[in-house]
Amino acid sequence: MAASSFESAILIALLLPLTTSALSSNYYSKSCPNLFKVVYPVIAKAIKQQPRNGASILRLFFHDCFVNGCDGSILLDDTPTFTGEKTAFPNLNSVRGFNVIDDVKAAVEDACPGVVSCADILAIASLDAVHILGGPWWKLKLGRLDARTASRDLANKNIPAPSLNLKGLKTAFENVGLSEKDVVVLSGGHTIGLARCVTFRNHIYNDTDIDPKFAANRQKTCPRSGGNNNLAPLDTKSGRIFDNFYYQDLVRKRGLLHSDQALFDDVATDDLVLKYSKDETEFFKDFGKSMIKMGNIKPSSGTHLEVRKNCRVVNT
Ligand code: HEM
Ligand SMILES: *[C@@H]1O[C@H](CO)[C@@H](O)[C@H](O)[C@H]1NC(C)=O
């Protein structure tokens, strides 16, 4: 029996908001055909200048997506009348890479003015950074928009702390629609980059689920008091190469953060960590899948959205 036009209209009305907000791989193929070719060299240059930049960009994307979806909210600067997310506890004196995003945005605005959102730029920049550092490539979906708002409170609430155990990490991920497996897979992002002493001090002095030699070594540059900003690599092989060594570290009880070692600690995720420690191909495949999932986290309905001209300020 054919549906009445009334029923069809209802069906279309129900489907429309979903289809228009869904991300797609060819979103800019007409409006900005060279987008990927424009972004890639800017990221390559930034990483060449300073390898840590790649890690910092990837983390920015994570901290953007966990706070009301991937909407570029983390990129907004504070002003006398606007409080953004940069001063939230997990971000303050910690997140970096904003200048690199500015450089990408400038290049993209040059090629296709007013078309590409900062949220999408962050997504593309993260993919490029991972790839340039030796990691996987995934089929990125685009079409995100930039929020005209940000939330310091939500950043404080949603971004997981390094003091968490598996249960707490799982809850933080489930709160944004991600799974326990995503916790293990995406924590693999810690194969690159650095952490400050203040974020791992308690783990290297007080925890028992740590290789004593590794702990002693890290204590050399992270004293019991002072030196809060001293840096150590999150992965003992190289903070500059995206590989599966992070998981090999966990198996040897050389996780730097309490939350890293919590994934291999006589817990439910031990087997998955063990698998990735032996099978880099599997890790790379799953990392791409989980990045697509994380990149799909949507801003709540009612969020005012736009394509920002300058990633640091809302359009006037
Ligand atoms: C599972 C929960 C997570 C916790 C508790 C956590 C915590 C942290 C902490 C404390 C730092 C060091 C920050 C500082 O020194 O100020 C850090 C760095 C980093 N995180 Fe995570 N993280 C988590 C998940 C992720 C995810 C999902 C990604 C990306 C897929 C990621 C990517 C990074 C990167 C690349 C760095 C190094 C950044 C740089 O060198 O600038 N992390 N993380
Ligand atoms: C070790 O744990 C104790 C008790 O919770 C705490 O007071 C102390 O500050 C911790 N030490 C370090 C170096 O984090």
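In these legends, Ala, Val, Leu, Ile, Met, Phe, Trp, Tyr, Cys and Pro count as nonpolar, Asp, Glu, Lys and Arg as charged, and the others, Gly among them, as polar. The model shown is predicted.

**Figure 1. Lining of the largest cavity.** The structure holds one cavity of 30 Å³ or more. About 50 Å³ of space lies in the largest cavity. Its lining consists of Phe 61, Ala 123, Trp 138, Leu 140, Lys 141, Arg 144, Met 291, Ile 292 and Gly 295. By class, six of these residues are nonpolar, one is polar and two are charged. Helix 14 contributes the largest share of the lining, three residues; this helix spans residues 280-295.

**Figure 2. The iron atom of ligand 1 and His 190.** His 190 is the only protein donor of the iron atom of ligand 1. The donor atom is NE2, at 2.0 Å from the iron. His 190 belongs to the loop that connects helix 8 (180-187) with strand 2 (194-196). His 190 is also among the closest of the residues around ligand 1.

**Figure 3. Surroundings and polar contacts of ligand 1.** Ligand 1 is surrounded by 26 residues, and the closest are Arg 52, Ser 56, Ser 94, His 190 and Arg 196. Three contacts to oxygen atoms of the ligand are shown. In the case of Ser 94, an N or O atom of the side chain is 2.5 Å from an oxygen atom of ligand 1. Ser 56 has a polar side-chain atom 2.7 Å from an oxygen atom of ligand 1. Arg 196 takes part through its backbone, with an N or O atom 2.6 Å from an oxygen atom of ligand 1.

**Figure 4. The largest pocket and the elements that line it.** The largest pocket holds about 1200 Å³ of space. Of the 48 residues in its lining, Arg 59, His 63, Pro 162, His 190 and Leu 257 lie nearest the centre. His 190, the iron donor of Figure 2, is thus also one of the lining residues of this pocket. The class counts for the lining are 27 nonpolar, 15 polar and six charged residues. At least two lining residues each come from helix 3 (52-65), helix 7 (166-174), helix 8, strand 2, helix 9 (197-206), helix 12 (258-261) and helix 14 (280-295). Helix 3 gives the most, eight residues.

**Figure 5. Surroundings of ligand 2.** The residues around ligand 2 are Arg 201, Asn 202, Tyr 205 and Asn 206. On its own, ligand 2 has 360 Å² of accessible area, of which the protein covers 41%. The shell comprises one nonpolar, two polar and one charged residues. An N or O atom in the side chain of Asn 202 lies 3.3 Å from an oxygen atom of ligand 2.

**Figure 6. Two loop residues with positive phi, Asn 68 and Asp 266.** Asn 68 is not a glycine, yet its phi is positive, at about 55 degrees. Its place is in the loop between helix 3 and helix 4 (98-111). Asp 266, likewise a residue other than glycine, has a positive phi near 55 degrees. Asp 266 sits in the loop between helix 12 and helix 13 (270-278).

Key:
Residues numbered from 1 in each chain as written. Chains lettered and ligands numbered in written order. Predicted model: local features only at pLDDT ≥ 70, side-chain atom pairs only at ≥ 80, totals over all residues. Heavy atoms only, no water. Near = heavy atom within 4 Å. Polar contact = N/O pair within 3.5 Å; in protein donor to acceptor, adjacent residues only side chain to side chain. Areas by Shrake-Rupley, 256 points an atom, 1.4 Å probe, with all protein chains shown as cover. Donors = N, O, S within 2.8 Å, 3.2 Å for Na, K, Ca; no water. Helix = DSSP H or I, 4+ residues; strand = E, 2+ residues; numbered from the N terminus. 1 Å grid on protein atoms, 1.4 Å probe; cavity = no way out; pocket = protein on both sides within 12 Å on 5 of 7 lines; lining within 4 Å. Points joined across faces, edges and corners; volume = space filled by probe spheres on them.
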